[in-house]
Amino acid sequence: MGMIEIGPRDELKRIYNKPANRKLKYCAVAAISITTILLLVCLIWMDCLSVTSILLLRGFTGLFAIIFVVLYSVLLYRVNREYIKGKY
């Protein structure tokens, strides 16, 4: 059995909970929530909507998915940069 190291996890949690990183995290969660809602709207009302509105909804779904990926990547970069900078 190996030892479980708790220190870095606590330090990462502290970095993730800084105000700027918390805002990024909440914005990323909001973007993926909007993406999920738009996908469900497309799925539920596919028969009632016109082709143009379905394409528009799919476009916005893709846009919010890209926004999510960018926000999450920025968040990971900021946290890892600060963790490594504090480590060395």
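**Entry 1: Thr61**

I looked up the side chain of Thr61 and found that it reaches the backbone oxygen of Leu57 at 2.7 Å. I note that the model is predicted. Thr61 is part of helix α3. I then asked whether Thr61 is buried or exposed. Its relative accessibility is 7%, and because buried means under 20%, Thr61 counts as buried. Setting aside neighbours within four places in sequence, I listed Thr35, Leu38 and Leu39 as the contacts of Thr61.

**Entry 2: helix α2**

Two of those contacts, Thr35 and Leu38, recur among the buried residues of α2. I recorded the others as Asn21, Leu24, Ala28, Ala31 and Cys42. I next checked the length of α2, which covers residues 19-44. Its 26 residues, at 1.5 Å a residue, should span 38 Å, and I found the end C-alpha atoms 37 Å apart, so the two values agree.

**Entry 3: the nonpolar core**

Which residues make up the largest nonpolar core? I counted seven: Ile15, Leu24, Ala28, Leu71, Leu75, Val79 and Tyr83. Helices α2 and α3 (51-87) each supply at least two residues of this core. The most comes from α3, which gives four residues. I add the general remark that nonpolar side chains tend to be buried together in soluble globular proteins.

**Entry 4: Tyr83**

I followed one member of the core, Tyr83, to its contacts. Apart from neighbours within four places in sequence, Tyr83 is in contact with Pro8, Glu11, Leu12 and Ile15. Of these, I note that Ile15 is listed in the largest nonpolar core together with Tyr83.

Methods: Residues numbered from 1 in each chain as written. Predicted model: local features only at pLDDT ≥ 70, side-chain atom pairs only at ≥ 80, totals over all residues. Heavy atoms only, no water. Expected span 1.5 Å × (residues − 1). Buried < 20%, exposed > 50% of the residue type's maximum accessible area, 1.4 Å probe, protein only. Core = buried A, V, L, I, M, F, W, Y, C linked by side-chain atoms within 4.5 Å. Contact = heavy atoms within 4.5 Å. Polar contact = N/O pair within 3.5 Å; in protein donor to acceptor, adjacent residues only side chain to side chain.
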